[in-house]
Amino acid sequence: MGKTLFLVASLLLLGNVSFLHASFPPSLIEDLAKIVMNNYCSPEKLVGMKEDIAAATSNTEVLNIPDGELLADVLSNGVQTTVSDPRLTVSYEPNYIPAVHPEMPPLPPEQLITILQSTIKLDILEGNIGYLRIDHIIGEEVAEKVGALLVDLVWNKILPTSALIFDLRYTGSGDISGIPYIISYFTEVEPVIHIDSIYDRPSNTTTKLMSMSTLLGERYSVTKPLIVLTSKNTKGISEDVAYCFQNLKRATIVGEKTAGGSVKVDKLKVGDTDFYVTLPTAKSINPITGSTWELTGVTPDVEVSAEDALATAIRIINLRVQVPSIIEESAILIANNYAFQSVGADVAEKLRELLANGEFSSIVCKESLETKLSADLKTLSGDKSLQTTTNTPALPPMEYSPEMYIELIKISFHTDVFENNIGYLRFDMFGDFEEHIWNKVFLWDPAFLECVKMNNLGGPTTAIAGFCSYFFDGDKEILLDKLYDRSSGTTTELRTLDELTGARYGSKKSLIILTSKATASAAEEFVYIMKKLGRAMIIGETTAGGSHPPKVFPVGESNIFLSIPTVHSETSAGPAWEGVGITPHIPAAAEAALEVAKGILNKHLGGQQ
């Protein structure tokens, strides 16, 4: 037989346990099995049980246990193991009297108020934040009788608040029919939303829970923040409410993972005995996830202890209050300072649209706001440099000893001389090392041919004019590029320098520049100039298409900072390299570019011999 509850229960009694007479009717196990098979909420987990009943009922050893409570524990363990569900329990209760829930009688207003106040707590916190705690979720029948009073005493006080904290940390009971009421007060009138589906096993029916188009009182604005607090004591219907809010993206769940209970649990008598089986007879199937919170619980969006949940919710709401002004100030900064005016204006407009569409409504901390804002800015602009950043002050210039300079050069620059006196220079950063590296490399043979690899992730553009100057003759000044700074409205001309600290490489010797997707920022400006002026052949991959080094701007008083590229190259003859990269003359994979360049130079040298 398979691993069924009957076999497991029997195995638990093997060993030295032995009883002479059966204490309970032989039909007990069969009756218990039939109740489970006909009522358990997930019939797919009971496959194979029916075939084992006949064999199990012939094994009466388990019924020899004379103590009813001990037998109930054994049966509970067997049931739970078989279906992997701790919610199924068997109890032995000779004195159990089923609870009868009478209809709610007509009560005077003062008694209704007393009842409501015992299960509902309302407060208005600093900053016009509403706080609502409900310890029991009422159903449709009760709501029809006390609804008007609830609206008057509770809801009308909540409506004017700027945000709401809905506390379900202590909610362990409720009625399924109350779920649509709660959800509907926080959603739009139209369209009607499919909130949840409840499958009832005894009747084999599924009921769709839909949002309600008609309610007593007004709805809470969908643009106002809603935080739901949970704890390990949040159980049953309240879990369903939290799960629905979470998947509708209407609320942020803060607190502890919930209990993982059930929407409906029944306690059924086993045959004509004093044994009872408690089991879930219905289950929730969320239309968005196709899954359920039962057994597993609801995992909060922000997981903190139940004790810290309220303070955390208040911090989240206070941050969200600032979000609209942070986004607006960011949009203004970008529109006024981004290097390309039309792009800056377009990004600013689309950023405002994201805010209006609620794209920032799920922000839970400053870090998550910065992360989302960065991702959105990169997507909207296509510029990886337009992003949030820190405002870490630049370190003061270091005084390098000659020995330190040598070590820094060894790390940052790589040189070699190949066959046919082909020089190779690779550098990974722009800096003020031209004199040192030049004396090592460029004061060699006048017939020296050059291959420069731009494996460069960027750097300042201040060194570009000086570096470019080494590859041109000194008899005349050459305009390399014009850099327009949008933030200041000024244009800076980059021109070759008259005086250099080392010998010029000149304009007569061949020069090949190797590029890759990592070639960015100031390195791209160098490649752009050399290609535009026809001074070098470019071999490799299209460059990163980044931007000139950005400036840092504070976003109001938020302690958030934006990195905004404000400078672009001369564009009178068409787009430069920003955003699109530089296309090489000869495309080649980065790892193959050097061999391609050597082949070209060797062929060139061979033709001269």
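Trainee: Which residues in helix 11 meet Leu-319, Val-323, Ile-326, Ile-327, Ser-330 and Ile-334 in helix 9?
Mentor: This is a predicted model, where local features need pLDDT of at least 70 and side-chain atom pairs count only at pLDDT 80 or more, while totals for chains, interfaces and linings use all residues. Residues are numbered from 1 along each chain as its sequence is written, and side-chain values use heavy atoms, without hydrogens or water. Helices are DSSP runs of H or I, at least four residues, and strands are runs of E, at least two, numbered from the N terminus. With contact set at heavy atoms within 4.5 Å, those helix 9 residues meet Lys-366, Leu-369, Leu-373 and Leu-377.

Trainee: How many residues in the contact of helix 9 with helix 11 are nonpolar?
Mentor: Ala, Val, Leu, Ile, Met, Phe, Trp, Tyr, Cys and Pro count as nonpolar, Asp, Glu, Lys and Arg as charged, and the others, Gly among them, as polar. The contact has 1 polar and 1 charged residue. The nonpolar residues number 8.

Trainee: At what angle do the axes of helix 9 and helix 11 cross?
Mentor: Axes are lines fitted to C-alpha atoms, for helices over the stretch in contact, and angles run from 0 to 180 degrees between N-to-C directions. Helix 11 spans residues 366-381, and the two axes come within 12 Å. They cross at roughly 35°.

Trainee: Which strands are the edge strands of the open sheet with the order 19-18-24?
Mentor: Strands pair if DSSP finds at least two bridges between them. The sheet has 3 strands with antiparallel pairing. Each edge strand pairs on one side only. They are strand 19 (490-495) and strand 24 (567-568).

Trainee: How many bridges join strand 18 to strand 19?
Mentor: Strand 18 covers residues 479-485 and runs antiparallel to strand 19. Asp-485 stands opposite Thr-490 in strand 19. The bridges number 6.

Trainee: Which helix packs on the sheet?
Mentor: Look for the helix that touches strand 18 and strand 19. Its direction makes about 135° with that of strand 18. Residues 522-532 form this one, helix 15.

Trainee: Where is Pro-191?
Mentor: Most peptide bonds are trans. A cis bond joins Glu-190 and Pro-191, with omega about 0°. Pro-191 lies in the loop between helix 7 (179-184) and strand 7 (194-200).

Trainee: What is the phi of Asn-128?
Mentor: Asn-128 sits in the loop between strand 2 (120-125) and strand 3 (129-134). Most residues other than glycine have a negative phi. Asn-128 has a positive phi, near 60°.
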